[in-house]
Amino acid sequence: MNAQIETTGIKRLIKSAFQGFGYDVVKLRRSKLAKPIDENYVEILDDPAFQASVKEVSGITLLDTARLANLWMLCRASNPSGSLIEIGSYKGGGALHISNSCPTRPIFVCDTFEGFGDLKIDPGADRHFKREQFTDTSFESVQAPWAGKGRDVRWVRGYFPESAENIEISNISFVHVDTDLYESTAKTLDYLRPRLIDRSVVVFDDYLRSVDGVVRAVREFTAAHPDWAAFPLFPGQGLMINRDWFA
Ligand SMILES: C[S@@+](CC[C@H](N)C(=O)[O-])C[C@H]1O[C@@H](n2cnc3c(N)ncnc32)[C@H](O)[C@@H]1O
């Protein structure tokens with residue numbers, strides 16, 4: 001009992017020491033896999049272009065290899081005549097990776113490039129997120145790796161979708177929504193719906209990953225627009241497609 005109290009006291013002490021230096025301490029939840037992921041003969045893992053892209057973006061994205069693989073394959077599966085868009089880019093690695101998978105297609109990269117700022121963070125649905133997160137980036141550092149690549153990249157800086165007021169966004173067929181927040185996700189979907197062409201693919205990050213705001217926004221959208229259906233993708237993404245895929 002005494003040892004228990006002592007351990008709790010030490011943990012609290014360590015936590016407040018880190019907080020004193022401006023860091024937060026959170027407990028990570030890890031699952032022990034009875035059947036670890038089998039990488040043998042998984043074709044995308046041997047694709048040199050995919051490998052090079054993962055290497056290029058590894059320091060500037062929060063996305064792991066599995067989620068990067070889903071983005072790579074689904075972007076290529078979407079209507080090739082449409083443009084790509086990522087909403088919520090932070091350090092830009094996810095957007096660059098999506099562009100690497102389909103380098104000839106135009107891409108819109110949307111973020112404040114300085115964190116959540118004044119965006120609405122719902123204390124319930126968005127409870128895992130803090131206003132100070134994602135501030136360790138900058139517009140210039142996100143732009144830098146694109147220099148000399150010859151990509152058709154359009155920067156949409158500010159609070160999306162208001163930030164797109166004077167930018168022509170249309171003919172989209174691949175969307176990566178990685179905003180974390182309920183209101184941002186809901187507004188993004190409403191804004192993009194009329195701008196999506198047939199055989200579009202929408203991928204959400206943090207779907208069924210204890211981020212209630214994202215799931216709520218997607219469920220509300222599919223309830224209001226039953227021609228769209230959403231499915232979970234392992235690990236922690238969602239896929240949404242329109243019935244036009246089956247026409
Ligand atoms: C989890 S990070 C994105 C991670 C990134 N996709 C990656 O590959 O690492 C979430 C980002 O969403 C941005 N964000 C959230 N809502 C936004 C909105 N309405 N407009 C612009 N940026 C937004 C934040 O600024 C933050 O950079």
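Me: In this predicted model, where is the place of phenylalanine 21?
Reply: Two helices frame the position of phenylalanine 21: helix H1 covers 2-20 and helix H2 covers 48-57. Phenylalanine 21 has its place in the loop between H1 and H2.

Me: Is phenylalanine 21 buried or exposed?
Reply: The relative accessibility of phenylalanine 21 is 70%. A residue counts as exposed over 50%. Phenylalanine 21 is therefore exposed.

Me: Which residues make the nonpolar surface patch that includes Phe21?
Reply: The patch has an area of about 660 Å². Phe21 is one of its members. The full set is Ile10, Ile14, Phe18, Phe21, Tyr23 and Val25.

Me: How many helices and strands does the chain have?
Reply: From the N terminus on, the elements run α-α-α-β-α-β-α-β-β-α-β-α-β-β. The secondary structure of the chain comes to seven helices and seven strands.

Me: What radius of gyration does the chain have, and why does it agree with a compact globule?
Reply: The C-alpha trace spans about 65 × 45 × 40 Å along its principal axes. For 247 residues, a compact globule would have a radius of gyration near 18 Å. The value for the chain agrees with this, at 19 Å.

Me: What share of the residues in the chain is buried?
Reply: The chain exposes about 14100 Å², and carbon and sulfur atoms supply 55% of that area. Of the 247 residues in the chain, the buried share is 45%.

Me: Among contacts between residues at least 6 apart in sequence, what share joins residues at least 24 apart?
Reply: The contacts in question are those in the chain between residues at least 6 apart in sequence. Among them, the share joining residues at least 24 apart is 69%.

Me: How are the rings of phenylalanine 116 and phenylalanine 129 arranged?
Reply: A search of the whole structure finds eleven aromatic pairs. In the pair of phenylalanine 116 and phenylalanine 129, the ring centres are 6.4 Å apart and the planes stand at 85°. Planes over 60 degrees apart count as edge-to-face. The arrangement of this pair is therefore edge-to-face.

Me: Are phenylalanine 116 and phenylalanine 129 buried or exposed?
Reply: Both residues lie in the loop between strand E2 (107-111) and H5, 13 residues apart. Phenylalanine 116 has a relative accessibility of 5%, and phenylalanine 129 has a relative accessible area of 13%. Buried means under 20%. Phenylalanine 116 is thus buried, and phenylalanine 129 is likewise buried.

Me: Which residues form one aromatic cluster with Phe116 and Phe129?
Reply: The cluster contains Phe116 and Phe129. The residues that join them are Tyr90 and Phe134.

Me: Which parts of the chain does the salt bridge of lysine 149 and glutamate 56 tie together?
Reply: The structure holds eleven salt bridges. In one of them, the side chains of lysine 149 and glutamate 56 meet at 2.9 Å, N to O. The pair ties together parts 93 residues apart in sequence, because lysine 149 and glutamate 56 lie in the loop between H5 and strand E3 (153-157) and in helix H2, respectively.

Me: How far apart in sequence are the parts tied together by arginine 67 and aspartate 205?
Reply: The side chains of arginine 67 and aspartate 205 meet in a salt bridge of 2.9 Å, N to O. Arginine 67 lies in helix H3 (residues 65-77) and aspartate 205 in strand E5 (residues 196-205), so the parts they tie together are 138 residues apart.

Me: Which residue is linked with Arg67 and Asp205 in a network of salt bridges?
Reply: Arginine 67 is buried, and aspartate 205 is buried as well. Arg67 and Asp205 belong to a network of salt bridges whose further member is Asp64.

Me: In which helix do glutamate 183 and lysine 187 both lie?
Reply: Glutamate 183 forms a salt bridge with lysine 187, and the closest N and O atoms are 3.9 Å apart. Glutamate 183 is partly exposed at 30% relative accessible area, and lysine 187 is partly exposed at 33% relative accessibility. The two residues are four residues apart, about one turn of the helix, and both lie in helix H6 (residues 182-192).

Definitions and conventions: Residues are numbered from 1 along each chain as its sequence is written. This is a predicted model: local features need pLDDT of at least 70, side-chain atom pairs count only at pLDDT 80 or more; totals for chains, interfaces and linings use all residues. Side-chain values use heavy atoms; hydrogens and water are left out. Patches are made of residues with over 30% relative accessible area and no salt bridge: like charges are joined within 9 Å, nonpolar side chains (Val, Leu, Ile, Met, Phe, Trp, Tyr) within 5 Å. Accessible areas come from the Shrake-Rupley method with a 1.4 Å probe; for residues, only the protein chains shown count as cover. A salt bridge is a side-chain nitrogen of Lys or Arg within 4 Å of a carboxyl oxygen of Asp or Glu. Buried means under 20% relative accessible area, exposed over 50%, partly exposed in between (1.4 Å probe, protein chains only). The radius of gyration is taken over C-alpha atoms; the globule rule is 2.2 Å times the number of residues to the power 0.38. Contact means heavy atoms within 4.5 Å. Rings of Phe, Tyr and Trp (its six-membered ring) pair if their centres lie within 6.5 Å; planes under 30 degrees apart count as stacked, over 60 as edge-to-face and the rest as tilted.
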